[in-house]
2 protein chains.
Amino acid sequence: MAEEPELLINICAKLSFLAEKNQFIVVPGGGMFADVIRDYDKRFNLSSKVSHRMGIIGMDQFGLLLAQITPNSIATLSLNDAKQISKTEAVPIFLPSRLMLRNKPLENSWDVTSDSIAAYISIRLKAPKLVLIKDVDGVFTKEPEYEDAVFIEQLSPEELLKFDQATCVDMFLAKLLSESPVDCYVVNGKYPDRIEAIFAGQKATYTLISK
Amino acid sequence: MAEEPELLINICAKLSFLAEKNQFIVVPGGGMFADVIRDYDKRFNLSSKVSHRMGIIGMDQFGLLLAQITPNSIATLSLNDAKQISKTEAVPIFLPSRLMLRNKPLENSWDVTSDSIAAYISIRLKAPKLVLIKDVDGVFTKEPEYEDAVFIEQLSPEELLKFDQATCVDMFLAKLLSESPVDCYVVNGKYPDRIEAIFAGQKATYTLISK
């Protein structure tokens, strides 16, 4: 999403609209900062500890960008503040570095990306729903560029755990979801109305990962 | 430097060697993270406050990379710790976000980059020398890709202040240097021996900005 300004601005406008009547916290992805880290990793063969730390700081960076383009939003390093802001009409954008680098609740691994970090936060907050905004319609049986890739409407974390193909979500997510009751929606950010449908409990094109 | 692994590794090895007998603190540049921020700025027209903050966090990011590839180095958010480490044979790599974002000693502007931040830190520490490692030989009368650009061996901060051409150093540096006694060396990182010459007080190809 990070490369297409209009798409990202549309998503942010939708989040701002949804915040008027819904409680949620935005956990940023890594944007183009994640690409730079992957690139440095290729050149310098970074340790997983360093790349993990850089990745989390990259989420703060991208969060600052989101805060600038999301109307009525507030960026914060405090999860508690984010929770309080979520009860207002403002959009809380949670910068995860302080929480994730101080306590290190998740392992240092490339398998742990912003998907798993968002899942960890939703579990910690006992949120009923986790929405992962992607640039594809959801989870497919294989990477969606293959012609025989089949879109999956619903699956369980246990089924996702058994996947031997890469999907649009990180490898650690299924493990986290298998240990918690949160419903995880994987949705295409190109269609912000689908995000709204998830909030409203309506049907739309997305993948639901649920027990 | 950030795009050429071997060059960067050579510089870092030289710093590690120099730390055995010299006291200094490494202040990272922004590496490829700075390019991403400039790119986002073009797409989303970031406020100078946000781009400045992202830039400083990018220095932390790049500092983590430097710490990984510099033998016997320690990355720290504390300037005091960096000072203590500089007295040992280890290389202190100072991550500037905490210092620069808490107290905001420099203005929020694209004119303030890691050059000015390094100068601010050297002034604060009363360091006699500031060495800016670049991918060109030093300061030229105009951008060095012009054929009639002339290399400058030495100039004063006041002369640099009057420049109406962009140079390889940021626009705020001259102002900071004009208010302090620090000698600033601008040197090409492709030739790490030139860095060693500066430490030894020997002649080499570099630009000296001094009163």
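In chain B of this predicted model, 4 strands form an open sheet with the order 3-5-6-4, and their pairing is mixed. At the edges lie strand 3 (129-134) and strand 4 (154-155) of chain B, each of which pairs on one side only. Further in, strand 5 (residues 183-188) of chain B and strand 6 (residues 207-209) of chain B run antiparallel and are joined by 3 bridges. A convenient landmark for anyone tracing this pairing is B:Tyr185, which stands opposite B:Leu208 in strand 6 of chain B.

Chain A can be read in a similar way. Its open sheet has 4 strands in the order 3-5-6-4, again with mixed pairing. Strand 3 and strand 4 (154-155) of chain A are the edge strands, each pairing on one side only. The parallel part of the arrangement can be followed through strand 3 and strand 5 (residues 183-188) of chain A, which pair in the parallel sense over 6 bridges. Two facing pairs help to fix the register: A:Leu130 stands opposite A:Cys184 in strand 5 of chain A, and A:Lys134 stands opposite A:Asn188 in that strand.

The two faces of this edge strand are also worth a look. Strand 3 (residues 129-134) of chain A has A:Leu130, A:Leu132 and A:Lys134 on its covered face. The uncovered face carries A:Lys129, A:Val131 and A:Ile133. Both of the residues used above to fix the register, A:Leu130 and A:Lys134, thus belong to the covered face.

Attention now turns to contacts between parts that are distant in sequence. In chain B, B:Ile11 lies in helix 1 (residues 5-18). With a relative accessible area of 5%, B:Ile11 is buried, since the cut-off for that class is under 20%. The C-alpha atom of B:Ile11 is separated by 6.5 Å from that of B:Gly189, although the two residues are 178 residues apart along the chain.

Charged side chains supply further links. Side chains of opposite charge can pair when their charged atoms come close. Over all chains, the count comes to 16 salt bridges. One of them joins the side chains of A:Lys14 and A:Asp193, at 3.0 Å from N to O. Because A:Lys14 lies in helix 1 (residues 5-18) of chain A and A:Asp193 in helix 9 (residues 192-200) of chain A, this pair ties together parts that are 179 residues apart in sequence. The partners fall into opposite classes of accessibility: A:Lys14 is buried, with a relative accessible area of 14%, whereas A:Asp193 is exposed, with a value of 55%. The pair also belongs to a network of salt bridges that links A:Lys14, A:Asp193 and A:Glu196.

Which part of chain B does B:Asp137 reach through its salt bridge with B:Arg194? The closest N and O atoms of B:Asp137 and B:Arg194 are 2.8 Å apart. B:Asp137 sits in the loop between strand 3 and strand 4 of chain B, while B:Arg194 is in helix 9 (residues 192-200) of chain B, so that distant parts of the chain, 57 residues apart, are linked. At 25% relative accessibility B:Asp137 counts as partly exposed, and at 16% B:Arg194 counts as buried.

A local counterpart is found in chain A, where the side chains of A:Arg43 and A:Asp39 meet in a salt bridge of 3.1 Å from N to O. These two residues are separated by about one helical turn, because they are 4 residues apart in helix 2 (residues 31-44) of chain A. A:Arg43 is partly exposed, with a relative accessible area of 33%, and A:Asp39 also counts as partly exposed, at 25%.

Finally, one surface feature brings the two chains together. A:Arg98, A:Arg102, B:Arg98 and B:Arg102 form a positive surface patch. Helix 5 (97-103) of chain A and helix 5 (97-103) of chain B each supply at least two residues of this patch. Among the contributors, A:Arg98 has its place in helix 5 of chain A. A:Arg98 counts as partly exposed because its relative accessibility is 39%.

Key
Residues numbered from 1 in each chain as written. Chains lettered and ligands numbered in written order. Predicted model: local features only at pLDDT ≥ 70, side-chain atom pairs only at ≥ 80, totals over all residues. Heavy atoms only, no water. Buried < 20%, exposed > 50% of the residue type's maximum accessible area, 1.4 Å probe, protein only. Pairing = 2+ DSSP bridges. Patch = residues over 30% accessible without salt bridge, like charges linked within 9 Å, V, L, I, M, F, W, Y side chains within 5 Å. Areas by Shrake-Rupley, 256 points an atom, 1.4 Å probe, with all protein chains shown as cover. Salt bridge = Lys/Arg side-chain N within 4 Å of Asp/Glu carboxyl O. Lys, Arg positive; Asp, Glu negative; His and termini not counted. Charge placed at Lys NZ, Arg CZ, Asp CG, Glu CD.
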